[in-house]
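This report describes one protein model. The sequence and the structure come first, and the text follows.

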Amino acid sequence: VADGEVRLVATVALGVDDEVSINYDPEADYLDLYERYGFWDESAVVHTAEVVVPPAELEALLREAEAVVRQSVPELRWLLRHPLWLPVPLAPLCKALQWESAEVAYLLLAALTDQRVLLHSRDPLVAFSAASALRCLLAPLEYSGVFIPFLPAGLMPLEDARTLLFDCSTPYLIACETLLVARLGAVPDVAVVADLDRGAVHKAPSTEWFSARAPPVLSLCTELAACMGDCIRFRQSGVQVACLRFVVDVLNLGSGFLASSRAPADDAARRQLALLRTFADDVTSRCRAKGLGADALASLQRARLQSEGAILADVCDVALASAGEARAERLTADGGAWHRGGQDNWAAGLLGDAAPHAGGLAAQLAGGGEPAPVCRQLRHVYASQSFRQWWLQPSRTRSPDRLQWMEFRAKGIDLSEYVRENRDSLAVLEQSVSQRIHDLLAKASVDGVERAAPQEGDPYRREGLDK
C-alpha cells in the first residue's frame, strides 16, 4: 500500500501471456491470477490487478495496535525472557495425557534429552498449547532443537513434511494436526509420538533407560501425582513447581540429586568429579602463580567450564560401570522421599487409594537394600544440547535472580512461594499489556467485526485455570 493505492509488484520481469498462480492448499485447484483479477497489459511497465482493500477503519485500528505493541516492547521482552512465564496454560497438556504423571514426566525427559518429539491432535489449539507448555516446563533450561508449536497440514507439501518429521537429524519438538499424520500414513519410529486425542504415547527405542519408578524421575512423578489426578485436583502452579524443582535438582551438582544420592555409582561419580575439579584448581593456581594475565585466566576458566560440562555424562558412565549398575537396579524410596523434603509416606502419595493393595511393590520399595543410582537417567540429560548450552552461559544462567531458585535449598527458600510471587508479578505485567490492547479495541468501531469474549467454562480461559 503506497499513497493510498494498492499494488501487486512482481519480483521478476513478466512477459506477454505470462501466468501468475497462487495456491492456498496442496489439494486445491490453482487459481489463475489472470482469470481472477484481470489481465496483463503488454505496454505497461507496472502490471496491476484489482484486489479487495480492507476498510480504512480497520487499517487505522491495525496501525494503532502496532503503535501500542511497540510501546509495550520492554514489557513483552521481559515476559518472553522470563523462564517462569507461562504463555499458555498447562491444563491442555495434562488433560490430553489423561492426568498421568508418568506420561508428563516422560515427555519432559524426552524434551530434556534431545529426543525427537511429535505431538498431534485433531484440535489445533490443543496441539499448540501442549507443545508450548512442554517447552516452558524445561525452565530454567531452554529448548535448543527445532521447535514448531503448530504445523498445519497444508503448510508445506507432503514430501517436505515427511522429510522434516522422518529425516530430520536434529532434535525437534513439533505439534501438528492429526490430519497430517493420517496423510503421512505412519509416524517416525525413532521419535516420541503423543496422540493427544487418545492420551497414548509411543516411546522411542532410544528412551529405554527411562523409568518412572526409579530415582530421580520417581520423585517428579510423586510430586506431579499430588497436583494432577483429575481436572478438579489439578493445580497449575503445582505442576510448574514440580517440574522446576526437578530440573533445578538435576542441574545443581552441589545440592541436587547427584549430591544427595547414597547409591554407590553416584558416590563414584562425585569422587571422579571432585578429582577433576581438584586438578583444574591446581592448574589454575599454577598459572596464576606464573603471572598469567587476567584475559588468559578468563579463557582458562571458560575452557575448564566447557570441559566439565562436556565430560559430565562420561563421568556418570564410568561411575556406573565401576560401581556395577546391575547390583543397583532395585527400587528404593531414596530419591522420591528426599525430593519431597524428607517425607517418608511418598509411596502412599504415589499409589493413592491403591497403596494397601499394592503389597508387592510397597514391600519392595520399603525393603531397603542398595539405592538405585540417579546418574543412570541423569547422564542422558547431561549429554544433551540444552544442558551444555546452559552450562556454558554462567553470566545468564547463574545471574543473581536465577541463583535464588538454583540455590533454594541452601538459602532456605520455599520454591512454591517463590514461584507464586514471580507469577503474580508477571501477571500484573501481562495484564498491563493486555489492558492497553483492550482499551484500544473498546474505543474502536469497525463495521462487520465482532470481538468474541471468553466463554465461562472455557478450559483455555486463563482466569478459570487460575481458580
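The sections below go from the whole chain to single elements and then to single residues.

**Overall composition**

The model is predicted. Its protein chain holds 22 helices and seven strands. Of the 467 residues in the protein chain, 42% are buried. The exposed area of the protein chain is about 25100 Å², and carbon and sulfur atoms supply 53% of that area. When contacts between residues at least 6 apart in sequence are taken, 74% of them join residues at least 24 apart.

**Strands E4 and E5**

Strand E4 (residues 146-151) and strand E5 (residues 172-177) run parallel and are joined by four bridges. One of the paired positions is Ile-148, whose bridge partner in E5 is Ile-174. Together with helix H7 (residues 158-167), strands E4 and E5 form a β-α-β unit, and this unit is right-handed.

**Helices H5 and H13**

The table sets out two helices with their spans from first to last C-alpha.

| Helix | Residues | Number of residues | Span | Expected span at 1.5 Å a residue |
|---|---|---|---|---|
| H5 | 101-112 | twelve residues | 16 Å | 16 Å |
| H13 | 294-323 | 30 residues | 41 Å | 44 Å |

In both cases the span is close to the expected value. H13 nevertheless has a kink of about 40°, centred on Ile-311. Buried residues of H13 include Glu-308, Gly-309, Leu-312 and Ala-313. Leu-297 and Ala-323 are also among the buried residues of H13, as are Arg-304 and Cys-316.

H5 is largely enclosed by the rest of the structure, because eleven of its twelve residues are buried. Among them are Ser-101, Glu-103 and Tyr-106. Several leucines of H5 are buried as well, including Leu-107, Leu-108, Leu-109 and Leu-112.

**Positive phi on either side of H5**

Which residue with a positive phi lies in the loop between H5 and strand E3 (117-121)? That residue is Asp-114, which is not a glycine and has a phi of about 65°. Asp-114 follows H5. With a relative accessibility of 23%, Asp-114 counts as partly exposed.

Trp-99 lies in the loop between helix H4 (91-96) and H5. Its phi is also positive, near 60°, and Trp-99 is likewise a residue other than glycine. Is Trp-99 buried or exposed? Trp-99 has a relative accessibility of 17%; since buried means under 20%, Trp-99 counts as buried.

**Cis peptide bonds**

The peptide bond from Ala-139 to Pro-140 is cis, and its omega is near 5°. Pro-140 belongs to the loop between helix H6 (124-136) and E4, the strand that pairs with E5. A cis bond also links Pro-215 to Pro-216, again with omega near 5°. Here Pro-216 is placed in the loop between E7 and helix H9 (217-225).

**Arg-198**

Between strand E6 (192-195) and strand E7 (200-202) there is a loop that contains Arg-198. The relative accessible area of Arg-198 is 56%. Because exposed means over 50%, Arg-198 counts as exposed. In sequence, Arg-198 and Ser-121 are 77 residues apart. In space, the C-alpha atoms of Arg-198 and Ser-121 are 8.8 Å apart.

How values were computed:
Residues are numbered from 1 along each chain as its sequence is written. This is a predicted model: local features need pLDDT of at least 70, side-chain atom pairs count only at pLDDT 80 or more; totals for chains, interfaces and linings use all residues. Side-chain values use heavy atoms; hydrogens and water are left out. Helices (H or I, at least four residues) and strands (E, at least two) are DSSP runs, numbered from the N terminus. Buried means under 20% relative accessible area, exposed over 50%, partly exposed in between (1.4 Å probe, protein chains only). Contact means heavy atoms within 4.5 Å. Accessible areas come from the Shrake-Rupley method with a 1.4 Å probe; for residues, only the protein chains shown count as cover. Two strands pair if DSSP finds at least two bridges between them. A crossover is right-handed if, with the strands pointing away from the viewer, the path from the first strand over the helix to the second runs clockwise. The expected span of a helix is 1.5 Å times one less than its number of residues. The bend at a residue is the angle between axes fitted to the seven residues ending there and the seven starting there.
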